[in-house]
Amino acid sequence: MPFPSDSDPDLEIEGLLAAEFERQTTGIQLIASENFTSPAVIRAMGSVLTNKYSEGYPGKRYYGGNAVIDGVEAVAIERARSLFGAEHANVQPHSGANANMCVYQALLQPGDTVLGLSLDHGGHLTHGSPVNASGLQYHFVAYKVSGGDERIDMDQVRDLALEHRPKLIVAGTTSYPRRLEPEAFRSVADEVGALLMFDAAHIAGLIVGGAHPDPVPHADVVTFTTHKTLRGPRGGAIVCREEHAKAIDKAVFPGWQGGPLEHVIAAKAIAFREAADPAFSKYAHQIVANASALAKALADEGFRLVSGGTDNHMMVVDLRAFDDDLTGKVAQLTLDEAGITLNKNTVPDDPRSPFVTSGLRIGTPSVTTQGMAEGEMSTVAGLIARALRGRDDAGQLAAIREEVRTLVTAFPAYPNGDPHLATAHA
Ligand SMILES: *Cc1c(COP(=O)(O)O)cnc(C)c1O
């Protein structure tokens with residue numbers, strides 16, 4: 001039977017794909033958890049590997065016909081192990097959230113005590129939020145950033161660990177602009193006999209690029225996403241010590257997931273190779289340099305940076321010093337009008353709700369992939385400040401939208417056009 005069409009039959013989705021390519025490539029992308037992935041990665045995701053069922057692991061599959069798939073997944077595993085210097089890797093988690101839940105299932109019993117960073121202080125939903133399965137199944141105790149310098153306070157982590165005796169300590173953040181010290185978490189874990197999971201979802205690219213401390217020697221398990229600073233396809237992965245390998249693999253399949261997404265695993269393998277290239281280390285360091293430059297330029301425009309600045313790829317801006325009436329929600333909407341995409345974010349102890357907020361989270365992975373450097377970061381800060389000051393002036397926002405378009409078209413993420421339409425090796 002022929003397929004009804006070689007494109008989306010009424011072209012509705014094709015049109016939306018083109019519109020999204022246009023949006024991504026004519027605006028400034030400052031969402032800290034996003035990036036532009038390579039054409040090779042995008043092609044792998046659009047491959048026939050999506051047709052194959054391959055429940056199990058290389059050499060141990062439930063269905064026939066998996067010899068080639070085994071090759072793909074074995075390469076991905078080997079590249080992940082080598083990139084992270086890890087004893088074991090599982091590349092099947094469909095997402096970072098899944099990776100975390102799999103680790104909990106591998107290492108914990110329901111009801112066990114776990115220490116994690118509070119969501120409203122920069123942690124992730126899967127670190128014990130009451131609306132997430134992690135918080136429903138396990139007894140999470142939250143540590144917070146300190147009231148003074150707005151940084152994670154290792155003395156508080158230690159006090160809570162001594163008081164609550166967790167079975168697992170989770171280190172890792174979603175909206176925290178400072179460096180994490182895996183060694184300090186390890187020493188607290190050792191003191192109370194806890195396991196240590198390091199959730200490197202955001203900073204995996206900074207770690208493998210040598211721009212941030214390496215958690216692998218210190219953590220029992222490291223989870224990460226492949227689509228944030230690591231710049232690969234949307235997905236998750238786990239690396240761990242050999243002693244946990246069996247439990248982790250079992251928790252991923254059959255514990256949490258069914259058939260793996262081997263087209264995405266092929267794309268992960270490509271991304272791991274790209275991240276092992278010396279050029280990626282330069283990229284990781286430039287992400288951090290750009291974030292510092294952007295934070296400094298925003299401070300010069302009158303914004304307050306949570307914790308006073310950034311050591312990583314992101315910053316959290318407290319809007320109250322700039323304009324006490326301006327909420328994160330309105331700022332996000334205004335900047336969207338101007339072609340600048342970022343997200344509202346709570347600041348520590350935010351008096352406003354998570355749907356309104358007093359802050360913004362801003363990240364530099366995407367603009368750095370495009371080749372922007374410190375000079376462009378001052379320009380971007382100026383555009384943000386002008387748009388927010390002129391937020392009631394539609395003409396002003398339209399003019400800024402044009403400046404944004406001019407800036408980003410000089411730094412194309414995809415100089416050869418949409419990789420989804422381009423032919424391989426063109
Ligand atoms: C993004 C993130 C995740 C979840 O990743 P998804 O792929 O969105 O499920 C988990 N942990 C942290 C710290 C994150 O920032």
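User: What percentage of the 426 residues in the protein chain is buried?

Analyst: Happy to start there, keeping in mind that this is a predicted model. A residue counts as buried when its relative accessible area is under 20%. By that cut-off, the buried share of the protein chain is 55%.

User: How many helices and strands does the protein chain have, and why can it be called as compact as a globular protein of its length?

Analyst: The secondary structure comprises 15 helices and 15 strands. For 426 residues the globule rule gives 22 Å, and the chain's radius of gyration is close to that, so it is as compact as a globular protein of that length. The radius of gyration behind this is 22 Å.

User: Which domains is the protein chain divided into, and how many residues does each give to the contact?

Analyst: The division gives domain 1, covering 43-276, and domain 2, covering 279-409. Their C-alpha centres lie 28 Å apart. Contact here means heavy atoms within 4.5 Å. The residues taking part number 26 from domain 1 and 27 from domain 2.

User: What share of contacts between residues at least 6 apart in sequence joins residues at least 24 apart?

Analyst: Good one for thinking about the fold! Start from the contacts in the protein chain whose residues are at least 6 apart in sequence. Of these, the share joining residues at least 24 apart is 72%.

User: How far apart do the centres of the positive and negative side chains lie?

Analyst: The two sets to compare are 36 positive and 52 negative side chains. The distance between their centres is 3 Å.

Terms used
Residues are numbered from 1 along each chain as its sequence is written. This is a predicted model: local features need pLDDT of at least 70, side-chain atom pairs count only at pLDDT 80 or more; totals for chains, interfaces and linings use all residues. Side-chain values use heavy atoms; hydrogens and water are left out. Helices (H or I, at least four residues) and strands (E, at least two) are DSSP runs, numbered from the N terminus. The radius of gyration is taken over C-alpha atoms; the globule rule is 2.2 Å times the number of residues to the power 0.38. Buried means under 20% relative accessible area, exposed over 50%, partly exposed in between (1.4 Å probe, protein chains only). Lys and Arg count as positive and Asp and Glu as negative; His and the chain ends are not counted. The place of a charge is taken as NZ of Lys, CZ of Arg, CG of Asp or CD of Glu. Domain bounds come from an automatic or database domain assignment.
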